[in-house]
Amino acid sequence: MAVRAILFLLWACLFVNGSLSLTLSSKLVHRFSEEAMAVWESRRGDNASLKPWPKRNSLNYFQLLLQSDLKRQKLKLGSKYEHLFPSEGSQTLFFGNELDWLHYTWIDIGTPNVSFMVALDAGSDLLWVPCDCIQCAPLSASYYDTLDRDLNEYSPSLSRTGKQLSCSHQLCKSTTNCKGPEEPCPYIVQYKSDDTASSGFLIEDVLHLTSASKNSTPSSVQASVVFGCGRKQSGGYLEGAAPDGVMGLGPGEISVPSVLAKAGMIQNSFSLCFDDNGSGRILFGDQGNLAQHSTPFLPAAGKYVNYFVGVERLCVGSSCLKQTGFQALVDSGSSFTYVPTEVYKKIVFEFDKQVNATRINLQQSPWKYCYNVSSWELLSIPTIKLMFPLNQSFLVHKPVFSESLNQKYTIFCLTLLRTDDDYGVIGQNFMVGYRMVFDRENLKLGWSIANCEDNGNGKRVNPTPSNNGSTSQLPTSEQQSIPNTHAVAPATARNAPSKSSVAASRQIPLLLCLTSSLLLLMRLLILSC
């Protein structure tokens, strides 16, 4: 009879799963009720002691409830702030060729606070600034044509909240160069650009931020961060790139987004938005909007050490090219975009075929496919589009660089470079016109067409959609000079990531029902023995 009952219950599970959802219920018992006290007394052993049970509605009763509430609040369920951005504002700055075509933002560190104009680099993890300099770039505004204020140098001895990181600290990765556990932790970051590096020792101090949300006014926030006291720089860092430091935005545990997320201050995500006019915004905690496109990040050797994505193919105009797939590092610290050599050959061949203009040779240009065109011919420049899995498309708003010769003629070049590596780099020139969301919590890259306006007081507003036209927008007049390409390149592992996999879905209600039935069957069998 029992077996028949169980078989009927199993059949009912299958029937219910196909028509109705499974409903489970349980009895709620207050932690200090008489029923709960009886359970605790029944479970304690001979040597166990039960703490005095509080009398209902007594002072001790309410004190214990309050202590429990405080413990729950300390669990930090969810993030403390919706969004955070640097205390000097969320705006990013762009100076064209003089500062190596990178985007910068002002940040404040220490007590009293000192300002630094750091380059934004999603291809590395460490935040570093010039500090007790042995070999640093010039910091006087008079050395640069576009700066209206001097750059600064950090000094650990002048900050009341700053302290050196010891070799025994968990974030110290250079322990082989340590003489003892309490010695200052050294660091050296070597970038892909020739002889470009920063070295010194690690410091812990406060980073000054501002909170922003839709329903509250901005407020000041201080976050403890670990950064590099950059005593010695070399290569591109002495030639115009990031003279006042770099903010690494990578997924490593020492990066600013990682530290803020681990502290429960924000969601584990951030966004960069670069405008056509050279301005932009950075926002920590931003996970984008529901309408954005997205593609998953790819792991390297099972770990997410960089922001790699998989490009399935590239399209030039209306022609989507075969065998143009590759894996790419998404890196705001790379001024330009690079693709593997074989892919590059296919793209430039198709681009050159579709351009109705005379190709010219510019000896000073890093780009090989340049053209001399009349103004009306600019309207027919073919578009460049990246295609990701699940038919997610990324139309490049600025695939060309242009420079006017006179009122009638303009030179333009395809701003794509080849690389000998087996992976490519999506640099910041391809990100223009998009709100790029680095969603580390959900391991995906998001993007949506946007402008990057500010409401005037430093508080970030949601970017508003703009028209997604098919014509390529040309660089602004502020960008009209032939660039060099030794800008900050990613400090990244060279191994390309493996392809990601998607977990299979499960029918949870059916499994719960079947499990309950089996447990009941086992109980009946035991009782019958």
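Aromatic pairs around Phe-336

Both Trp-101 and Phe-336 are buried in this predicted model.

Reader: How many aromatic pairs does the rule give?

Author: The count comes to 20 aromatic pairs.

Reader: Why is the pair of Trp-101 and Phe-336 called tilted?

Author: The ring centres of Trp-101 and Phe-336 lie 5.7 Å apart and their planes meet at 50°, and since rings pair when their centres are within 6.5 Å and angles neither under 30 degrees nor over 60 count as tilted, the pair is tilted.

Reader: What makes this a link between distant parts of the chain?

Author: Trp-101 belongs to the loop between strand 2 (91-94) and strand 3 (103-109), whereas Phe-336 belongs to the loop between strand 18 (326-330) and strand 19 (337-340), and the two residues are 235 residues apart.

Reader: Why is the pair of Phe-336 and Trp-367 called edge-to-face?

Author: The planes of Phe-336 and Trp-367 stand at 85°, with 5.3 Å from centre to centre; because planes over 60 degrees apart count as edge-to-face, the pair is given that name. Phe-336 and Trp-367 are both buried, and the pair ties together parts 31 residues apart in sequence, because Phe-336 lies in the loop between strand 18 and strand 19 and Trp-367 in the loop between strand 20 (358-360) and strand 21 (370-374).

Reader: Which residues form one aromatic cluster?

Author: The cluster is formed by Phe-94, Trp-101, Phe-336, Trp-367 and Phe-401.

Reader: Where does the charged end of Arg-149 sit?

Author: The charged end of Arg-149 is placed over the ring of Trp-106, at 3.6 Å from the ring centre, and that of Arg-359 is over the ring of Tyr-369, at 3.8 Å from its centre.

Conventions. Residues numbered from 1 in each chain as written. Predicted model: local features only at pLDDT ≥ 70, side-chain atom pairs only at ≥ 80, totals over all residues. Heavy atoms only, no water. Phe/Tyr/Trp six-rings, centres within 6.5 Å; stacked < 30°, edge-to-face > 60°. Helix = DSSP H or I, 4+ residues; strand = E, 2+ residues; numbered from the N terminus. Buried < 20%, exposed > 50% of the residue type's maximum accessible area, 1.4 Å probe, protein only. Lys NZ or Arg CZ within 6 Å of the ring centre and 35° of its normal.
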